[in-house]
Amino acid sequence: MDKSGLALALTRTAQTPLYMQLASKLHDGLQHGRWTPNDALPSERMLSDALSVSRDTARKALALLCARGVLTRVRGSGTYPAGCAPLGEAPPREPPKPRWQSRELGRASAEEVLALGLSPEAEVVRCTSLSGPAGQPTAIVSSVVPLRYMPQPVDWHMDMDSYFQALGWADTRLLQRVRAVCATPEQARQLGVGPGTALLQVKQVRYASQGQALELCHTHWLGAKADYCVELRRTP
């Protein structure tokens with residue numbers, strides 16, 4: 001590979017997914033100095049056209065290297081080297097702290113009672129946060145947790161995954177429902193868009209190993225930012 005072309009060979013019959021092969025090839029080029037910190041890597045479209053792979057494959061390869069601290073994205077400019085640490089060693093990252101919009105305690109609604117298997121008198125903790133870069137949120141995350149699983153909501157400052165793992169309640173099953181909705185005036189205000197903007201709503205119920213429902217979560221993604229992928233496999 002050189003800076004002016006993309007002479008890459010991906011093995012389409014290999015067990016390793018194409019995006020991981022591509023990430024490895026790009027990383028090898030970085031380690032051998034094919035790009036300097038001032039050189040933008042080929043764009044997703046360039047990679048897709050030159051290698052006859054899908055844009056999704058190119059996007060996932062670049063995203064993998066960005067997630068591992070090898071590349072960095074510059075808005076409106078491109079993707080640049082950010083160091084050449086070994087590909088197999090992802091740098092330790094502290095989970096991002098939620099940007100809370102509200103946290104409150106109240107009686108479970110009819111939907112919450114049904115989804116979480118609660119009694120009509122049960123109390124729940126409701127938490128709403130924004131996801132995405134500061135000042136440019138891409139999603140609103142609204143979680144509902146039975147009070148018995150979060151007895152001190154005021155002192156809780158971590159994301160849901162970290163919270164349940166810290167208590168030894170790692171989920172074993174997630175039930176999701178996805179549908180398209182229009183932003184309400186309040187959702188539009190929080191996301192900085194106009195009312196009626198297309199959103200992707202993901203409704204999720206988290207279950208623990210004993211079958212108890214731990215959390216009901218509604219995530220509203222900006223339609224232009226959401227990328228939903230499902231893999232189906234046929235078992236013999």
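In this predicted model, six strands come together as an open sheet with antiparallel pairing, and their order is E3-E4-E5-E8-E7-E6. The edges are taken by strand E3 (99-107) and strand E6 (173-182); each has a single partner strand, so one side of each is left without a neighbour in the sheet. From one strand to the next, the twist averages 15°.

Strand E5 is a good place to look inside this arrangement. In the strand order, E5 stands between E4 and E8. On the E4 side, strand E4 (residues 123-131) pairs with E5 in the antiparallel sense, and eight bridges link the two. Within this pairing, valine 124 is found opposite proline 146 of E5. On the E8 side, E5 and strand E8 (residues 213-222) are again antiparallel, with six bridges between them. Two of the residue pairs show how the register runs: isoleucine 140 has histidine 220 of E8 as its bridge partner, while valine 144 is matched with leucine 216 in E8. Burial adds to the picture of E5. Of the eight residues in this strand (residues 139-146), six are buried, so E5 is largely enclosed by the rest of the structure.

The cysteines are worth a short look as well. A disulfide is a covalent bond between the sulfur atoms of two cysteines. The structure holds zero disulfides. Two cysteines illustrate opposite surroundings: cysteine 127 has a relative accessibility of 1% and therefore counts as buried, whereas cysteine 182, at 54% relative accessibility, counts as exposed. With regard to the sheet, cysteine 127 falls within E4 (residues 123-131), and cysteine 182 is the last residue of the edge strand E6 (173-182).

Turning from strands to a helix, H2 (residues 44-51) offers a neat case of sidedness. Its buried residues include Glu44, Leu47, Ser48 and Leu51. Around the axis these residues cover an arc of only 95°, which puts them on the same side of H2. The spacing fits a general rule: an α-helix has 3.6 residues a turn, so residues three or four places apart point the same way. Arg45 and Asp49, both exposed, are carried on the face of H2 that is turned away from its buried side. Just after the helix comes serine 52, with a positive phi near 55°.

Note on methods. Residues numbered from 1 in each chain as written. Predicted model: local features only at pLDDT ≥ 70, side-chain atom pairs only at ≥ 80, totals over all residues. Heavy atoms only, no water. Buried < 20%, exposed > 50% of the residue type's maximum accessible area, 1.4 Å probe, protein only. Helix = DSSP H or I, 4+ residues; strand = E, 2+ residues; numbered from the N terminus. Pairing = 2+ DSSP bridges. Axes fitted to C-alpha atoms, helices over the stretch in contact; angles between N-to-C directions. Disulfide = S-S within 2.5 Å. Arc of directions from axis to C-beta.
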